[in-house]
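The exercises below are meant to be worked with the sequence and the 3D view side by side. Try each task before reading its solution.

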Amino acid sequence: VIKCKAAVAWEAGKPLSLEEVEVAPPKAHEIRIKIVATAVCHTDAYTLSGADPEGCFPVILGHEGAGIVESVGEGVTKVKPGDTVIPLYIPQCKECKFCKNPKTNLCQKIRITQGKGLMPDGTSRFTCKGKQVYHFMGTSTFSEYTVVADISVAKIDAAAPLDKVCLLGCGISTGYGAAVNTAKVEPGSTCAVFGLGGVGLAVIMGCKVAEASRIIGIDINKDKYAKAKEFGATECISPEDFKKPIQEVLVEMTDGGVDYSFECIGNVRVMRAALEACHKGWGVSVIVGVAAAGQEISTRPFQLVTGRTWKGTAFGGWKSVDSVPKLVTDYMSKKIKVDEFVTHTLPFNNINEAFELMHTGK
């Protein structure tokens, strides 16, 4: 058993608490990882807020991390101690019918136990002050050591800087894949990206790589525009600057609507606007943001009857074990940006400050 520091969420709505936790050794088909770097994501904040129907407490959050394999359980063949890895919240077992189907990346092998905050055998590897602590998204990267299933890691280039590539564990991969895998943006097309946080910037990067000719960024926070343009946005607008609904503004700006739109906020009203900003006959709108529990989307069916398509994406459609190492290689060869997404680097003790920076849009 390893004793180490972790940021424990004891209950919903309270700041994280830095505690000494015990991390049990890995069982069969499990891997214990020394986490070197982790990022914070809105999904962590969503669960911490208490809005997540699957949220269970106490829990160690975090799902964008990178580290080194410390030890492996029985039957683990694909990684060994010392390997550099990124933990994956969507695993890839390569055996279930989802993994065998090229149309999806949603491996279901450990979905039930992962959703309950447990390892595949139905137990936890974390204890703190004598209490069981739950896992989160199968990763729990807000701990100096974590244990994950062996189907939930990607072995990556040992030379990769872990404080950068940890972002490929969620946000960047999700946004980039939404454009190149889910929407399949075409050269010369017009795109609209709603929400210019990390995921929105990654969508813009994907649209640019796919050679879209016009990429419109939409956000009420104008401080985000300069960064969006750096990533490839051709123009940025705020819904607050117009009297009419933003979808009408976009339809006018683009002679009938955009070819592709992306909702990167998790707001059901914005999801509707994104769909309705699409061009009649062929427009595709991709939902990337995660809405709060119990919310529903709506539009007039006529929007779909007249040829618009509404899609969703999880982790950008990447089959995780196969794709994450390639994304790291693309970053190392300068095909995709990663460094530019990092705004602040803080010591682990300041993790609550990182959440504040995220909430204030900094």
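**Exercise 1. Strand E1 and its neighbours**

Which residue in E4 is the bridge partner of Val8? Once that is settled, place strand E1 among the strands with which it forms bridges, and decide how far E1 is enclosed.

*Solution.* Keep in mind throughout that the model is a predicted one.

Step 1. The bridge partner of Val8 in E4 is Ile60. Strand E4 covers residues 59-60, runs antiparallel to E1 and is joined to E1 by two bridges.

Step 2. Strand E2, which spans residues 17-23, is also antiparallel to E1, and here seven bridges make the connection. One of the pairs to look for is Ile2 with Val23, the latter being the partner that lies in E2.

Step 3. Buried stands for a relative accessible area under 20%. Of the eight residues in strand E1 (residues 2-9), six are buried, and the strand is therefore largely enclosed by the rest of the structure.

**Exercise 2. Salt bridges across the chain**

How many salt bridges does the structure hold, and which parts of the chain are tied together by the pair Lys27 and Asp121? Continue with the partners of Glu54 and Asp322.

*Solution.*

Step 1. The structure holds 17 salt bridges. In one of them the side chains of Lys27 and Asp121 meet, with an N to O distance of 3.1 Å. Because Lys27 sits in the loop between E2 and strand E3 (30-39), while Asp121 sits in the loop between helix H3 (111-115) and strand E7 (126-128), this pair ties together parts that are 94 residues apart in sequence.

Step 2. For the exposure of this pair, recall that partly exposed lies between the 20% and 50% limits. Lys27 has a relative accessibility of 40% and so counts as partly exposed, and Asp121, at 40%, counts as partly exposed as well.

Step 3. Glu54 forms a salt bridge with Arg111, and their closest N and O atoms are 3.1 Å apart. The pair links distant parts of the chain, with Glu54 in the loop between helix H1 (42-49) and E4 and Arg111 in helix H3, 57 residues apart. Glu54 is partly exposed at 41%, and Arg111 is partly exposed at 34%.

Step 4. The partner of Asp322 is Lys94, the closest N and O atoms being 2.9 Å apart. Asp322 belongs to helix H11 (residues 320-332), whereas Lys94 belongs to the loop between strand E6 (84-87) and helix H2 (97-100), which places the two 228 residues apart. Asp322 is partly exposed, with a relative accessible area of 32%, and Lys94 is partly exposed at 46%.

Step 5. Returning to Lys27 and Asp121, salt bridges with shared partners join these two with Glu30 and Arg125 into one network.

**Exercise 3. The second largest pocket**

Which residues lie nearest the centre of the second largest pocket, and which domains contribute to its lining?

*Solution.*

Step 1. The second largest pocket holds about 320 Å³ of space. Its lining consists of 16 residues, and those nearest the centre are Lys103, Thr104, Asn181, Thr182 and Gly317. Helix H5 (171-183) and strand E16 (309-312) are the elements that give two or more residues to this lining.

Step 2. Sorted by class, the lining has eight polar, four nonpolar and four charged residues.

Step 3. Domain 1 (2-169 + 319-352) and domain 2 (175-314) each supply at least three residues to the lining of this pocket.

Methods:
Residues numbered from 1 in each chain as written. Predicted model: local features only at pLDDT ≥ 70, side-chain atom pairs only at ≥ 80, totals over all residues. Heavy atoms only, no water. Buried < 20%, exposed > 50% of the residue type's maximum accessible area, 1.4 Å probe, protein only. Helix = DSSP H or I, 4+ residues; strand = E, 2+ residues; numbered from the N terminus. Pairing = 2+ DSSP bridges. Salt bridge = Lys/Arg side-chain N within 4 Å of Asp/Glu carboxyl O. 1 Å grid on protein atoms, 1.4 Å probe; cavity = no way out; pocket = protein on both sides within 12 Å on 5 of 7 lines; lining within 4 Å. Points joined across faces, edges and corners; volume = space filled by probe spheres on them. Nonpolar A, V, L, I, M, F, W, Y, C, P; charged D, E, K, R; others polar. Domains from an automatic or database assignment.
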